[in-house]
Amino acid sequence: ARQMERTAHTIKSSARYFGAAVVAGPALSLEVIGREDRVDDAPPVLEELRPRLADFYEALEELVNATGF
């Protein structure tokens, strides 16, 4: 549960930095689930987060390619 909390916190913070609220919201939910040791509640939130993370990653990749980083 602690690892889930920490990982979700990192995802949430990164998403907020880039203004990706659609990722930050579910990541915050996972962070709280981990903190409260309610791991059984995580699967539906993970299912919500997965496609949003994929879209976020794709957008970041496009940004990097467009700016030459």
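**Exercise 1.** In this predicted model, find which residues make up the largest nonpolar core, and state which helices supply them.

*Solution.* Begin with the membership: the largest nonpolar core has 12 residues in all, namely Met-4, Ala-8, Ala-15, Ala-20, Val-23, Ala-24, Leu-30, Ile-33, Ala-42, Val-45, Leu-49 and Phe-56. Turning next to the helices, one finds that helix 1, helix 2 and helix 3 each supply at least two residues of this core. As general background, nonpolar side chains in soluble globular proteins tend to be buried together. For one member, Ala-8, the contacts beyond four places away in sequence can be listed, and they are Ala-27, Leu-30 and Glu-31.

**Exercise 2.** Work out how many aromatic pairs the structure holds, and describe the geometry of each.

*Solution.* The structure holds two aromatic pairs. In the pair of Tyr-17 and Phe-18, the ring centres are 5.0 Å apart and the planes meet at 85°; since planes over 60 degrees apart count as edge-to-face, this pair is edge-to-face. Phe-18 also pairs with Phe-56, again edge-to-face, at 6.1 Å centre to centre and with 65° between the planes. This second pair links distant parts of the chain, as Phe-18 lies in the loop between helix 1 (2–17) and helix 2 (21–35), while Phe-56 lies in helix 3 (residues 42–67), 38 residues apart. Together, Tyr-17, Phe-18 and Phe-56 form one aromatic cluster.

**Exercise 3.** Decide for Tyr-17, Phe-18 and Phe-56 whether each is buried, partly exposed or exposed.

*Solution.* Tyr-17 has 68% relative accessibility, and because exposed means over 50%, Tyr-17 counts as exposed. Phe-18, with a relative accessible area of 46%, is partly exposed. Phe-56 has 14% relative accessibility, which is under 20%, so Phe-56 counts as buried.

Methods. Residues numbered from 1 in each chain as written. Predicted model: local features only at pLDDT ≥ 70, side-chain atom pairs only at ≥ 80, totals over all residues. Heavy atoms only, no water. Phe/Tyr/Trp six-rings, centres within 6.5 Å; stacked < 30°, edge-to-face > 60°. Buried < 20%, exposed > 50% of the residue type's maximum accessible area, 1.4 Å probe, protein only. Helix = DSSP H or I, 4+ residues; strand = E, 2+ residues; numbered from the N terminus. Core = buried A, V, L, I, M, F, W, Y, C linked by side-chain atoms within 4.5 Å. Contact = heavy atoms within 4.5 Å.
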